[in-house]
Amino acid sequence: MEAKKTREFEQFDVVVDDSGHRFRDTKVVKVFSDTRSGLYKRIMKEWKILENNLPESIYVKVYERRIDLMRAVIVGAAGTPYHDGLFFFDILFPSDYPNRPPKLYYHSFGYRLNPNLYNNGTVCLSLLNTWSGKKTERWDPGNSTILQVLLSIQALVLNEKPFFNEPGVDGFASLIMMNLEKKSRLYNEGAYFRTCKTSYQLLRRPPRNFEDFVKSHFRERGDHIIKATREYTSGRVRIGYYSCQSAPSSSSGVPVSWEFKRWMKDFSPDFFHALRRNAGSLSNSGGAGFSCMVDYFFVRSDSADEDRTDGEESPNKGFFKTVMDRIKKSFGLKKTAKKE
């Protein structure tokens, strides 16, 4: 049976199984099941807003028996270090909603990849009243909605330069912009690396009711992720801009820290193996094609480095050779003997 494509999944869906939800054990107030209550009607209104207005990059599951709970995933946007990543949030409506904003928990797997998303799952956002902000930026019981919250996370949190979300950065940005841009670039390296680590954890432990969606997403985007990693590590493309039409160009390449290269050298084999296994588990032809693509990817990287004429081995060549050897080992393949 052919695997389902991500575009074929319902963006807004009502499900029964609420197991695994962060707030499942929260005491349920009777008003949530009273169809005549104002709270029940307000949440039904929120459901309708989501059903009719979700962008293509956001998917939401609500629960038939627990209307106070919700789970959402945001797909990382192109032009950001979060591209092709999946970011899951468990949502709880308080019993006095909308007087108080919803409570969110981010599935971080212990990684801090954004100033607003803590490794303990806290989501720091003015709209949720978890961060200071102007009155117009804070939760408004009469006008604010959960859709607004999700769109704010997508646009304001998972953005092109998350370093500038750090408190106080904007206040002196104009004075030392060059230094801050360098820090922003380094922050993006870490954000991309931790996005890859989050993706790896999602492949191993996809959230309940999103298992097939996670598999389909990474089956479709796996080759793109691998090729992007190669371009970023070699400094040919600025992080976040692989195959992006608005990518900044530079004839001298993009600076890449050795720390980032080391991170990716140590982590890439396991991650790429997981992507390959995921592709193979969904389609007989898909797994074979993905495996060939991985081999082609590394052959291309080594061949490109052999064009050097300074007599020194390129750091990139050594990097990709090490990664390829580890991938072959993890797949149970023997190293190819060198010709005499």
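Me: Happy to look at this predicted model with you! N209 is found in the loop between α3 and α4 (211-234); is N209 buried, exposed or partly exposed?
Reply: Buried means under 20% relative accessible area and exposed over 50%, with partly exposed in between. The relative accessible area of N209 is 23%. That value therefore makes N209 partly exposed.

Me: Thanks! What is the phi of N209 near?
Reply: Most residues other than glycine have a negative phi. N209 is a residue other than glycine, yet its phi is positive. The value is near 80°.

Me: And N129, what is its phi near?
Reply: N129 sits in the loop between β5 and α2 (146-157). At 34% relative accessibility, N129 counts as partly exposed. Its phi is positive in a residue other than glycine, with a value near 60°.

Me: Good to know. Is the peptide bond from Y97 to P98 cis or trans?
Reply: P98 belongs to the loop between β4 (86-92) and β5 (103-106). Most peptide bonds are trans. Going from Y97 to P98, omega is near 10°, and the bond is cis.

Me: Let's turn to the rings. How many aromatic pairs does a search of the whole structure find, and how far apart in residues are F88 and F210?
Reply: The search of the whole structure gives 18 aromatic pairs. One of them is F88 with F210, an edge-to-face pair at 5.1 Å centre to centre with 75° between the planes. This pair links distant parts of the chain, from F88 in strand β4 to F210 in the loop between α3 and α4, and the separation is 122 residues.

Me: Why does F210 count as buried?
Reply: Buried means under 20% relative accessible area. Its partner F88 is buried too, with a relative accessible area of 1%. F210 counts as buried because its relative accessibility is 1%.

Me: Nice. Which lysine lies over the face of F210?
Reply: A charge sits over a ring if NZ of Lys is within 6 Å of the ring centre and within 35 degrees of the ring normal. Over the face of F210, at 5.3 Å from the ring centre, lies K61.

Me: One last stop: in which helix is the place of T198?
Reply: At 2% relative accessibility, T198 counts as buried. Leaving aside neighbours within four places in sequence, T198 has contacts that include L86, Y106 and F109. Its place, within residues 177-204, is helix α3.

Key. Residues numbered from 1 in each chain as written. Predicted model: local features only at pLDDT ≥ 70, side-chain atom pairs only at ≥ 80, totals over all residues. Heavy atoms only, no water. Helix = DSSP H or I, 4+ residues; strand = E, 2+ residues; numbered from the N terminus. Buried < 20%, exposed > 50% of the residue type's maximum accessible area, 1.4 Å probe, protein only. Contact = heavy atoms within 4.5 Å. Phe/Tyr/Trp six-rings, centres within 6.5 Å; stacked < 30°, edge-to-face > 60°.
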